[in-house]
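Me: I would like a close look at one part of this chain, set in the context of the whole. The sequence and the structure follow.

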Amino acid sequence: MTEVSEQQFLTKLCEVVYKLSGIVKTQSPRFKKKWDEYFEPFNIKPHIVRQIPLDKDRFLKEIDYRITVLKNVEQATLDGFYLVKTLLQTFYGSYFDSELFKNDFSKEDQLILKYFVAKEILGNLIQYNKLDHESVPLKYNIIARNYTLIKLKGQTNHEILDNLNKLNIKDIKLGDVENFMNEIELDGIINTKKKGKDYEYSLKKELELTKEGKKYYSQVLQPLVDFPTLFFRSFFNIRELNVTLDQNVSYRDFLQKILLKTATQGFSPTNYVFQNLVKYYEKIRDEFT
């Protein structure tokens, strides 16, 4: 890999911040518009990702300005996390118990949507799911995490428990899993059979909406449900910063260690990188003041 100089890295960093600024500029208003169109009756404010104003010339030349911008990006990464959290809390804390939901979707679709929304959001955002276990009731999270495996080859109670442990859900026991799976079976989603000392679960009903439900879902809910995955995949992807620094870069080892995290997409590594880039430039600034 070609080594980059301190100035080349700074230029690359500026371009990445500009990219993130553009994503927020287009996506935040779009999310807010869709939220207001459908969730307005709940009088709940969505958590919006803040704007990232950027003057490229100042970013490249003024270290104090650069640090301010990087702090703003770090805060925007936290906004991204809380945007998803408040969206899920609104779905499972307000919307699914509301008259709006009951009037807009049939009873059959109401049942499916509680599982489907969890699968579409938590099933796609494993890193996020490792950090938030409270916003979605666990039985829906179990299906979000295990749906594909249950569908393809079945899962035992032990395998499901292992998968939940991988999500950092540590305070759950095998008996808890079996109780949740009994609830899911009562909802008609899975079948259960004894397999030696274990229980094995297979899919009975796919998470598919009725024709009418699917049509209305695509109009009112899909833009909100799809948003977290689309936003995470674009905003929490800073692989352009996965570079090798030349030997003359200030505090090279410290910066190189930070940049190793950019090889992985997601909230946690991106937040870590910007948090520590702030420290890096503060270190340089403080050396010369």
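How many helices and strands make up the secondary structure of the chain? Please then look closely at the loop between H6 and H7, where Ser135 has its place, and relate that part to the rest of the model.

Reply: The model is a predicted one, and its secondary structure comes to 13 helices and five strands. The C-alpha trace spans about 65 × 45 × 30 Å along its principal axes. Of the 289 residues in the chain, 47% count as buried. Among contacts with a separation of 6 or more, 70% are made by residues 24 or more positions apart.

The loop between H6 and H7 is the part requested, and Ser135 has its place there. Is Ser135 buried or exposed? Its relative accessible area is 8%, which is under the 20% limit, so Ser135 counts as buried. Leaving aside neighbours within four places in sequence, Ser135 is in contact with Lys85, Leu88, Gln89, Tyr92 and Tyr128. With one of these residues, Leu88, the C-alpha to C-alpha distance is 5.9 Å, although Ser135 and Leu88 are 47 residues apart in sequence.

Lys85, one of the contacts of Ser135, is found in helix H3. Apart from neighbours within four places in sequence, Lys85 is in contact with Tyr128, Asp132, Glu134 and Ser135. Tyr128 therefore appears in the contact lists of both Ser135 and Lys85, and the relative accessibility of Lys85, 15%, makes that residue buried. With Asp132, Lys85 forms a salt bridge whose closest N and O atoms are 3.1 Å apart. This pair links distant parts of the chain: Lys85 belongs to helix H3, Asp132 to the loop between helix H6 (126-131) and helix H7 (138-153), and 47 residues separate them. Both partners of the salt bridge, Lys85 and Asp132, are buried.

Helix H3 takes part in a further link between distant parts of the chain. Glu282 forms a salt bridge with Lys71, with 3.6 Å between the closest N and O atoms. Here Glu282 lies in helix H13 (residues 267-287) and Lys71 in helix H3 (residues 63-93), the two being 211 residues apart. Glu282 has a relative accessibility of 21% and so counts as partly exposed; Lys71, at 40%, is also partly exposed. Helix H13 holds Asn276 as well. Asn276 is buried, with a relative accessible area of 8%, and touches Phe254 and Ile258 when residues up to four places away in sequence are not counted.

The count for the chain comes to 20 salt bridges. Among them is the pair of Lys193 and Glu200, with the closest N and O atoms 3.9 Å apart; Glu200 is buried at 16% relative accessibility. Lys33, Lys34 and Glu37 are linked in a network of salt bridges.

The nonpolar interior gives a further part of the picture. In soluble globular proteins, nonpolar side chains tend to be buried together. The largest nonpolar core of this model has 94 residues, and Phe9, Leu13, Phe91, Tyr95, Leu113 and Leu221 are those with the most contacts inside it. Beyond neighbours within four places in sequence, Leu113 is in contact with Tyr92, Phe96, Phe101, Phe105, Leu209, Tyr217 and Leu221. Tyr92 is also in contact with Ser135.

Tyr217, a contact of Leu113, takes part in the packing of two helices as well. The axes of helix H10 (residues 211-220) and helix H11 (residues 222-235) come within 5 Å and cross at roughly 60 degrees, and the two are therefore oblique to each other. H10 contributes Tyr217, Ser218, Gln219 and Val220 to the contact, while H11 contributes Gln222, Pro223, Leu224 and Val225. By class, five residues in this contact are nonpolar, three are polar and none is charged.

Two other loops hold residues with a positive phi. Most residues other than glycine have a negative phi. Asn43 has a phi near 55 degrees and is found in the loop between helix H1 (6-39) and helix H2 (56-61); at 72% relative accessibility, Asn43 counts as exposed. Asn168 has a phi near 70 degrees and is found in the loop between helix H8 (157-166) and helix H9 (174-186). With a relative accessible area of 40%, Asn168 is partly exposed.

Technical notes:
Residues are numbered from 1 along each chain as its sequence is written. This is a predicted model: local features need pLDDT of at least 70, side-chain atom pairs count only at pLDDT 80 or more; totals for chains, interfaces and linings use all residues. Side-chain values use heavy atoms; hydrogens and water are left out. A nonpolar core is a set of buried Ala, Val, Leu, Ile, Met, Phe, Trp, Tyr and Cys residues joined through side-chain atoms within 4.5 Å. Buried means under 20% relative accessible area, exposed over 50%, partly exposed in between (1.4 Å probe, protein chains only). Contact means heavy atoms within 4.5 Å. Axes are lines fitted to C-alpha atoms, for helices over the stretch in contact, and angles run from 0 to 180 degrees between N-to-C directions. Helices (H or I, at least four residues) and strands (E, at least two) are DSSP runs, numbered from the N terminus. Angles under 35 degrees count as roughly parallel, over 145 as roughly antiparallel, 65 to 115 as roughly perpendicular and the rest as oblique. Ala, Val, Leu, Ile, Met, Phe, Trp, Tyr, Cys and Pro count as nonpolar, Asp, Glu, Lys and Arg as charged, and the others, Gly among them, as polar. A salt bridge is a side-chain nitrogen of Lys or Arg within 4 Å of a carboxyl oxygen of Asp or Glu.
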